[in-house]
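Let's walk through this assembly together, one contact at a time. Have the viewer ready, and we will begin on the nucleic acid side before turning to the protein chains themselves.

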Number of protein chains: 2
Amino acid sequence: MAARRRQETMEENRAKLICAGRKAFGSQGFAASSMDELTASVGLTRGALYHNFGDKKGLLAAVVAQVDGEMASRARAASARAGDEWQQLLAEGTTYIAMALDPEVRRIVLLDGPAFLGDPSHWPSQNACLEATKEAVERLIAAGVMKRVDIDAAARLLCGAALNAALWVADSDDPQSALPKAVDAFSLMAEGFLVEKR
Amino acid sequence: MAARRRQETMEENRAKLICAGRKAFGSQGFAASSMDELTASVGLTRGALYHNFGDKKGLLAAVVAQVDGEMASRARAASARAGDEWQQLLAEGTTYIAMALDPEVRRIVLLDGPAFLGDPSHWPSQNACLEATKEAVERLIAAGVMKRVDIDAAARLLCGAALNAALWVADSDDPQSALPKAVDAFSLMAEGFLVEKR
DNA sequence: AACTTGACATACGCATTGTATCTGAATTTT
DNA sequence: AAAATTCAGATACAATGCGTATGTCAAGTT
């Protein structure tokens with residue numbers, strides 16, 4: 001094999017570790033994941049880990065940022081496909097609910113993330129979900145569709161409700177039938193913010 | 001000192017450990033708490049811990065059950081002081097928000113609990129908050145005040161929104177001013193469930 | 001009073017994290 | 001191009017903590 005650039009292989013290794021972190025944290029949880037196993041699974045040692053991410057939590061932060069970013073882009077895509085601005089907000093919310101059914105997302109972003117990294121609104125990734133919701137709320141208030149409430153509070157409530165509903169759906173006896181119930185209830189509750197009922 | 005009954009001292013020791021667990025888990029978090037230190041702080045050893053609670057998570061479960069129970073009784077008290085049934089539901093919600101400002105509650109029940117013990121709706125303590133909310137929702141639907149939605153879903157959304165809002169308030173730059181915003185937004189959003197606006 | 005029980009202590013093995021030091025290949029310097 | 005320098009990652013080490021296996025002594029039993 002030809003001589004590789006330094007930076008190139010380093011980025012490759014970072015990507016490998018983040019990928020392995022997703023799998024390990026997503027399946028066994030952050031606390032139960034061994035960094036020895038994790039690094040060995042991609043042909044490295046803990047040396048690479050500590051050099052690249054500082055400590056175990058550093059890797060978690062990187063993994064969270066990646067998953068979080070993917071969630072946000074999927075949410076934006078769903079939002080773009082929806083009708084008016086209100087429909088877009090609902091689409092984002094229901095997309096969050098659906099995404100949180102992925103065990104990896106649940107475990108990493110909803111459970112271990114807040115527990116080990118602190119409140120999502122303070123994450124370096126700025127919790128893209130919250131950010132997207134905030135923007136939507138801002139537009140809706142400006143357009144006179146939503147009542148005048150504190151933007152951060154409303155966004156947090158909507159996001160929190162959606163993601164929490166997802167935890168419920170995922171852990172319910174019959175997720176398939178729980179999902180539409182959660183989506184219905186979410187849409188209904190969100191209408192509390194509307195100026196006029198539809 | 002007179003000879004103590006066996007069961008008596010055992011219950012005393014259990015209480016001591018749970019109390020120490022509250023302090024340790026609440027201040028340092030579950031993962032960072034050393035069971036050696038914790039048990040020593042009440043004049044015992046890990047032997048007592050493993051005998052009484054099986055393992056570290058066992059103690060967490062006991063602590064969670066205690067805190068959770070206290071929260072529920074405070075919520076019921078607030079509910080009893082409120083006006084009509086709808087006001088009672090709102091009172092419960094805002095009480096949850098206020099209670100979650102207690103660092104111990106936040107850390108133990110909202111962060112470490114779900115992360116290490118799994119979904120609250122499956123806790124042996126049955127998550128008293130959820131239970132209380134469910135009962136309230138059930139009554140309100142029967143009374144025709146709330147729209148017909150799935151009871152579990154609605155309760156989960158309301159509870160989730162309230163507790164999530166509390167996490168936001170607690171971690172915001174200025175909790176004192178954030179609290180009323182959160183309460184306002186919560187009350188407004190909950191009205192989405194109402195049959196007719198008030 | 002001898003015996004049994006069991007609540008808790010003691011002692012041990014194993015796993016894991018973080019750090020300090022080392023190494024060799026990629027890059028830079030002369 | 002050879003020597004010098006960097007630095008990504010490996011190796012080695014120290015510290016801590018969990019869980020278990022075993023021991024012990026007072027409370028309860030017969």
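A backbone N or O atom of Ala48(A) sits 3.4 Å from a phosphate oxygen of DNA strand D. Bear in mind that this is a predicted model, so every distance here is computed from predicted coordinates. On the side-chain end of things, Thr45(A) places a polar atom 2.4 Å from a phosphate oxygen of DNA strand D. Chain B takes part as well: a backbone N or O atom of Met35(B) is 3.3 Å from a phosphate oxygen of DNA strand D.

Now widen the view to the whole surroundings of this strand. DNA strand D is surrounded by 20 residues, and the closest are Arg6(A), Asn13(A), Thr45(A), His51(A) and Arg46(B). Of the strand atoms within 4 Å of the protein, 67% belong to sugar or phosphate, and bases make up the rest. By class, the surface near DNA strand D consists of five nonpolar, seven polar and eight charged residues.

Which helices supply at least two residues each of the surface near DNA strand D? They are helix H1 (6-28) and H3 of chain A, together with H3 of chain B. H3(A) gives the most, with five residues.

Next, turn to DNA strand C. Here 21 residues lie around the strand, and Arg46(A), Tyr50(A), Asn13(B), Thr45(B) and His51(B) come nearest. Sugar and phosphate account for 62% of the atoms of DNA strand C that come within 4 Å of the protein.

Several residues of chain B reach phosphate oxygens of DNA strand C. An N or O atom in the side chain of Asn13(B) is 2.3 Å from one, and a polar side-chain atom of Thr45(B) is 2.5 Å from a phosphate oxygen. For Ala48(B), a backbone N or O atom lies 3.4 Å from a phosphate oxygen of the strand.

The surface near DNA strand C draws at least two residues from each of helix H3 (46-53) of chain A, helix H1 (6-28) of chain B and helix H3 (46-53) of chain B. The largest share, five residues, comes from H3(B). Sorted by class, this surface has five nonpolar, eight polar and eight charged residues.

There is also a database annotation to place on chain A. An unreviewed UniProt entry lists residues 11-71 of chain A as "domain: HTH tetR-type". Over that stretch, the chain is 79% helix and 0% strand, with its end C-alpha atoms 22 Å apart.

How do the two protein chains relate? A turn of 180° with a shift of 0.0 Å along the axis lays chain B on chain A with an RMSD of 0.0 Å. That is the relation of a two-fold axis. In chain B, the C-alpha nearest the axis belongs to Gly192(B), at 1.7 Å.

Finally, look at where the chains meet. The contact takes 38 residues from chain B and 38 residues from chain A. Because 100% of the interface residues of chain B are also interface residues in chain A, the copies meet through the same surface. Between them, the chains bury about 3300 Å², 68% of it on carbon and sulfur atoms. Leu157(B), Trp168(B) and Met189(B) supply 20% of the area that chain B buries against chain A, more than any other three residues.

How values were computed
Residues numbered from 1 in each chain as written. Chains lettered and ligands numbered in written order. Predicted model: local features only at pLDDT ≥ 70, side-chain atom pairs only at ≥ 80, totals over all residues. Heavy atoms only, no water. Near = heavy atom within 4 Å. Polar contact = N/O pair within 3.5 Å; in protein donor to acceptor, adjacent residues only side chain to side chain. Helix = DSSP H or I, 4+ residues; strand = E, 2+ residues; numbered from the N terminus. Nonpolar A, V, L, I, M, F, W, Y, C, P; charged D, E, K, R; others polar. UniProt positions renumbered as here; feature names shortened; annotations may be inferred. Least-squares fit on C-alpha atoms with pLDDT ≥ 70 in both. Contact = heavy atoms within 4.5 Å. Buried area = accessible area lost by both parts, 1.4 Å probe.
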